[in-house]
Every structure is written in C-alpha cells, then in structure tokens.
Amino acid sequence: MQYCTSCAFPAVAATPLTFNAAGVCSGCRATESKRAIDWSTRRELFRKLVDEYRNDSGYDCLLPVSGGKDSYFAAHVAKEFGLKALMVTYHGNNYLPEGERNLLRMKDEFNFDHIIFRPSTDVLIRLNRLGFTKTGDMNWHCHAGIFTYPMQLAIRFRIPLAFWGDHGFTEQGGMYSHNDFFEYTAKDRYEHALHGYDWPDFVEESENLSAKDMQFLMYPSDDQILDVGLRGIFLSNYFYYDGTVHADIALKNYHWEAAEQDFDRTFRRTSNLDDMHENGVHDYLKFIKFGYGRGTDHANYEIREGRMTRKTGIAMVRKYDHVKPRDLQRWLCYVGMSEDEFDALADEFRDKRVWRIVDGQWVKDNIWGGESAYGPVKGLPAWAK
Ligand SMILES: [Zn+2]
C-alpha cells in the first residue's frame, strides 16, 4: 500500500487521491494551494455574491445545519454579512446530548429561524439496517437527509441561495481546485454524498419501506431548481476553511460545547456530535472497508495545518484506526442485530486492494511498516468466495 509522504492517507481512500512524483497526495497539494489564495479578495467576492441575493420580503439564504462547529461557522458568516437566514436540520435521532444542546441553541445565539425535521424512529431504524446491509454504511440516511431535505425547503420557501460548508472530496482529497468555485449539484449529491445510491434503492419489502416513507429523501426536480434559481455554494471557496479554527470560534463566541468524553476512534472531540455512531461504529466500518478511519482523517487535518508532525499523526493512526468501538453494542440494540451477524456482514465490504486472508485472519499493511492481523474472518466478500 502506498501512503502519502506528507500526511497519513493510503492510496485506497474513501476520497479518491492521486500522488505526484514525490509521493505527495492531491489533498496535501490542495491545502498547499489554499495558502496561495488571497482570502481577503475571496471575502469581497462573497460579499458581491450575497448582495445579489438580498431581498426585502423573504429569507436571504438557507443554512443546512447540524449544530456542529461548521454549522456555527456558517451562521457566524451569515450574521456577519447581515443576512436573514433560515436554518434547516435533518435530525437522524442519534445526537449526543452536547450536540443536541448545540443544535437547539443556534436560534438564540444567531437569531435565525430554525426548522428541524425528525423522521419517524421506526423508519430511521429500518434505514439504518438497510444502509448497513446494502451499502456498508448505517448512516447513509444521514448523508441523504442532510443533503436533500434542506434543498426541499429552499424550493418551498423560494430561497435561491444555500450555504454548504466544505466539499469533503476537495478539502480531503483535492478533487477540485478552489479556483473552480465548485457548487453543490444533484450529481455531487448522488455520486459523492450518497455514494451512488438514492431513495429508490431503499424501497424494500423485507424492511417494509416504501416511497411514502422516504419523501424527505426526494431531491427537487431540475424544473423546480431552475424555477427558484437555487444555488448551493461552498463557503470553503470564500473563507479559509479549518474545522479546528471553527470549533474555537464557536467555543469562544457562542457557548458551543465539544464532546464531554473522548471518542474511541479519534482524538478530536469537536466533530460529529450530531450522531453518536458517526465517530464510532460508522467509522469502524470505514476501517473494515478501506483499512483506515478517523484517526487518519483527523491526523491529516492537523498535519496539513502544521499543528501535528507526521510522526505523531502516525501514532494517532496506530492508536485509533483499528479500534472496535463501544457504541457498537448500542447500535446493535437499536436495530436488533447480533454482533456475529454484524461482523459477518461487515466482512463482505472488505476491499481487495487492502485486505488479504492469512491463516483465517484479516491482514493488511501498516503505515508504520510491516503488516498486522486485525481479527478472524467471519464473512467473505465476493472476491474471496
Ligand atoms: Zn497527503
């Protein structure tokens, strides 16, 4: 396995990467080119853009928010530029208490109206189970809900401008340049956020899920988007985007709370408080699939910003990436599944480029050199059958 010589990313990553002759990944190079941008000019471009959308009778912009540090940053920006924003939340039912308090506090801290949509728990449990068995991601419904429901409301309230935070594939993997001013589209939603699945893939008799249960996952039509003139811009094209800095802004100015307890799979306590499994079993499945997890992702952010050495980053990868988290038991109970069933199904998603079977164990290469065994084989992916 090839690893970036600058950060800790492996060549087989959830966000596609390329390497230059020196072995530096496209994500690290995107961070380098970010530093060359004149961000005060970008701020003025942003001002010009939002000035075109100010209006006397309706909302100036829509903010899809989870209550996280980046949501607070988006609301902070909207407030600073004097915009009347409507905040919209897709609530996936598994918030940490700190995350829930952060979410509910936003309407008071920013004086914006806030709509929170909560699907029925029964439908969410069925979507969790099906997301896992079908795509290897129990939180597929979260990605789908977050990237769909706010746009439905943008159409309903006729708000032509929505602010997204960063484009993950660009910030982590360098998919686009910040000079492209990439915007949110139905294609981006389907291919990146939803991993190439959409709600019809979840109409499933065995789970008793019908189209009627998933109206909140149905993306507006092209005609509706054209009629409202709806655009989704990424703030990361206009402001230097750094989640650690955003957490500081939220903590210092808006009574925002980080997680009270350490997570099992990352050193960061400021990410993904909107879902107790996002840093836990959801991320453990990323390790099963790709051989790395948030230990790597979060170390990379810090390495690229110069706040962590690559050596310390690799120590974080070694400490966190393989850990089977404690919240697995809660999730199994939530959806009614046994741990053996979970392990066997999870094994079916192992990537051939990462994993091999040696003496009944799953084995892979390590960034710190050599190979290790990471537990017994319980299920087989198609390539191993
Ligand atoms: Zn890199």
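A residue is called exposed when its relative accessible area is over 50%, buried when that area is under 20%, and partly exposed in between. With these cut-offs in mind, the tour below moves through a predicted model.

**The whole chain**

Begin with the entire protein in view. It holds 16 helices and nine strands. The C-alpha trace spans about 70 × 50 × 40 Å along its principal axes. For 385 residues, a compact globule would have a radius of gyration near 21 Å, and the protein agrees with this, having 21 Å. Of the 385 residues, 55% are buried. Contacts between residues at least 6 apart in sequence are worth displaying too, as 71% of them join residues at least 24 apart.

Next, switch on the surface. The accessible area comes to about 16500 Å², and carbon and sulfur atoms account for 50% of it. Colouring by charge shows 47 positive and 56 negative side chains, with the centres of the two sets 3 Å apart.

**The two domains**

Select residues 26-35 together with 259-384 for domain 1, then 39-237 for domain 2. How far apart do the C-alpha centres of the two domains lie? The separation is 25 Å. In the contact between them, 33 residues come from domain 1 and 34 residues from domain 2.

**Helix α1**

Now select residues 26-35, which form helix α1. Its buried residues are S26, G27, C28, A30, T31 and K34. To see what covers them, add α2 (39-51), α8 (168-173) and α13 (294-304), which are among the covering elements.

**Helix α13**

Move on to α13 at residues 294-304. Ten of its eleven residues are buried, so this helix is largely enclosed by the rest of the structure. Which residues of α13 are buried? They are R294, G295, T296, D297, H298, A299, N300, E302, I303 and R304. Show the neighbours as well: these buried residues pack against α1, α8, α11 (243-253), α12 (281-290) and α14 (310-320). Just after α13, select G306, where phi takes a positive value of about 75 degrees.

**Two loop residues with positive phi**

Go to N111, in the loop between α4 (97-110) and β3 (113-117). Its phi is near 55 degrees, a positive value in a residue other than glycine. Is N111 buried or exposed? Its relative accessible area is 59%, and since the cut-off for exposed is over 50%, N111 is exposed.

Then select H195, placed in the loop between α9 (186-193) and α10 (222-228). Phi of H195 is also positive, near 55 degrees, and this residue too is not a glycine. At 42% relative accessibility, however, H195 counts as partly exposed.

**A buried arginine in a loop**

Finish at R350, in the loop between α16 (339-347) and β7 (356-358). With a relative accessible area of 6%, R350 is buried, because the area falls under the 20% cut-off. Which residues does R350 touch, leaving aside those up to four places away in sequence? Select I288, K289, W355, W362, P381 and W383 to see them. Add F290 as a last step: R350 and F290 are 60 residues apart along the chain, and their C-alpha atoms are separated by 7.1 Å.

How values were computed
Residues numbered from 1 in each chain as written. Predicted model: local features only at pLDDT ≥ 70, side-chain atom pairs only at ≥ 80, totals over all residues. Heavy atoms only, no water. Helix = DSSP H or I, 4+ residues; strand = E, 2+ residues; numbered from the N terminus. Rg over C-alpha atoms; globule rule 2.2 N^0.38 Å. Buried < 20%, exposed > 50% of the residue type's maximum accessible area, 1.4 Å probe, protein only. Contact = heavy atoms within 4.5 Å. Areas by Shrake-Rupley, 256 points an atom, 1.4 Å probe, with all protein chains shown as cover. Lys, Arg positive; Asp, Glu negative; His and termini not counted. Charge placed at Lys NZ, Arg CZ, Asp CG, Glu CD. Domains from an automatic or database assignment.
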